[in-house]
Amino acid sequence: MTELSTLLCNGLLPRLGVDPSIDGGIQKWITNGAYVPRTTGTPGEVVLGQVAASSFVPAIGYDFERFALAARESHAIASLEKESIGVLGWPTLKCYYASFFAAHAILRSRGASISKLERGHTNHINSVLNVYQNGASPISPGMFWVSVIDDPSNGPGEISVSLKPQSKNGAGVHEAFWMEFCSFLNDEAANAVSTGAPGASDFVVKTDELSKTILNGGKTGSWLSHVRNQINYQHAHDLWLPYRRSTEGYRSLVGNGFPSIEKARLDVSKTKKPVTAFVNVALYVTNLSIAVSNFLAARSTKGKAFGQKWRRMNQIIEGK
């Protein structure tokens, strides 16, 4: 594992992946779970208190699993297409989507997500909220930042879950996601420092390096998403056939292939080698998710739990 992936594994949700997940994930848990909701004074935010961790972790575990497996599969397909067909456009984009799924998995492994709550979900929360807090302002459907938070009012085995409307500030879905992802990692590193967690100073350095690499240089707040848009919608960087052999993407990816995921780097120049940098950053994030998944799978031995699914995925990809 990389140094950052080791640090990430130190703060995973307890028992994540150990028990079988609950189908439907966070959305289904919202309507079936037991909790005591309260407003916070922040418009649209609700905290669900006195949540049994034993019910919440398998629910968010379902969402972790689907993103972790999708990241692994997307990386495998990108590499296979690149090597067997020799094309560049779609394999490069699939590297990006592997990282996008990977980042979603990493968030959920630590008890956070960006999730859509439909009207049925918010109606249920509002009805329960009205029982405990008559006259409280109702919440509206939309995208929410979901996170496990500290709450001294909880008893043993209980957690609290914050639901806060996502603020995109005019950014697109992918741009907003990467900004939230980086902000979360930086907050986790700051929390590690405040609690005196082992390796906290390294955590701060590594998350800051990753965040700056993902974000800096993008016109809409996320360089990684900006380059993905250029490749996907503008067919920029000469990655689609017929491409010129003099381009940086051709010389880098055809001549050398995708870099080994374990050796992906964050220090490739974005200005001189934008395609090479783009692929390296995407692979770096994907590798973090794979390392977390390997760690969780090692402690997951129950039937139908994550470990069984992860090992089967690897067997299929490796042809065993």
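## Exercises on a predicted model

Helix 3 makes the greatest contribution to the lining of the largest cavity, namely five residues. The structure is a predicted model, and the exercises below treat its cavity, its sheet, its pockets and one helix pair.

### Exercise 1: The cavity

Determine how many cavities of 30 Å³ or more the whole structure holds, and describe the lining of the largest cavity by class.

Solution.
- Step 1. A search of the whole structure yields one cavity of 30 Å³ or more.
- Step 2. The space in the largest cavity amounts to about 50 Å³.
- Step 3. Its lining consists of Arg15, Leu16, Gly17, Asp19, Ser21, Val57, Pro58, Gly61, Phe64, Glu65 and Phe306.
- Step 4. By class, the lining residues of the largest cavity are five nonpolar, three polar and three charged. Gly counts as polar in this division.

### Exercise 2: The sheet

State the strand order of the open sheet, and explain which strands stand at its edges.

Solution.
- Step 1. The open sheet has five strands in the order 1-2-5-4-3, and the pairing is antiparallel.
- Step 2. Strand 1 (36-39) and strand 3 each have a single partner strand, so they stand at the edges, and one side of each lacks a neighbour in the sheet.
- Step 3. From one strand to the next, the twist averages 25°.

### Exercise 3: Pairing within the sheet

Identify the residues that stand opposite serine 115 and tryptophan 145, together with the strand pairs concerned.

Solution.
- Step 1. Strand 3 (residues 112-117) pairs with strand 4 (residues 142-149) in the antiparallel sense, over six bridges. Opposite serine 115 stands phenylalanine 144 in strand 4.
- Step 2. Strand 4 also pairs with strand 5 (residues 158-165) in the antiparallel sense, over six bridges. Opposite tryptophan 145 stands lysine 164 in strand 5.
- Step 3. A general rule may be added: in a regular strand, side chains alternate between the two faces of the sheet.

### Exercise 4: The two pockets

Describe the volume and lining of the largest pocket and of the second largest pocket.

Solution.
- Step 1. The largest pocket holds about 650 Å³ of space. Its lining has 22 residues, and Arg110, Val148, Ile149, Asp150 and Glu188 lie nearest its centre.
- Step 2. Helix 3 (53-85), strand 4 and helix 6 (173-194) are the elements that give two or more residues to this lining. Helix 6 provides the largest share, six residues.
- Step 3. The lining of the largest pocket divides by class into 11 nonpolar, six polar and five charged residues.
- Step 4. The second largest pocket has a volume of about 270 Å³. Of its 17 lining residues, Arg108, Ile114, Ser115, Lys116 and Met143 are the closest to its centre.
- Step 5. At least two residues of the lining of the second largest pocket come from each of helix 2 (25-32), helix 3, helix 4 (89-109), strand 3 and helix 6. By class, this lining has seven nonpolar, five polar and five charged residues.

### Exercise 5: A helix pair

Classify the packing of helix 7 and helix 10 from the angle between them, and give the handedness of their crossing.

Solution.
- Step 1. Helix 7 (residues 200-215) packs with helix 10 (residues 274-298) at an angle of about 135°, and their axes are 11 Å apart.
- Step 2. Angles over 145 degrees count as roughly antiparallel, and those from 65 to 115 as roughly perpendicular.
- Step 3. Helix 7 and helix 10 are therefore oblique to each other.
- Step 4. The crossing in which helix 7 passes helix 10 is left-handed.

Methods. Residues numbered from 1 in each chain as written. Predicted model: local features only at pLDDT ≥ 70, side-chain atom pairs only at ≥ 80, totals over all residues. Heavy atoms only, no water. Pairing = 2+ DSSP bridges. Helix = DSSP H or I, 4+ residues; strand = E, 2+ residues; numbered from the N terminus. 1 Å grid on protein atoms, 1.4 Å probe; cavity = no way out; pocket = protein on both sides within 12 Å on 5 of 7 lines; lining within 4 Å. Points joined across faces, edges and corners; volume = space filled by probe spheres on them. Axes fitted to C-alpha atoms, helices over the stretch in contact; angles between N-to-C directions. Parallel < 35°, antiparallel > 145°, perpendicular 65-115°, else oblique. Left-handed = near helix turned anticlockwise from the far one by under 90°.
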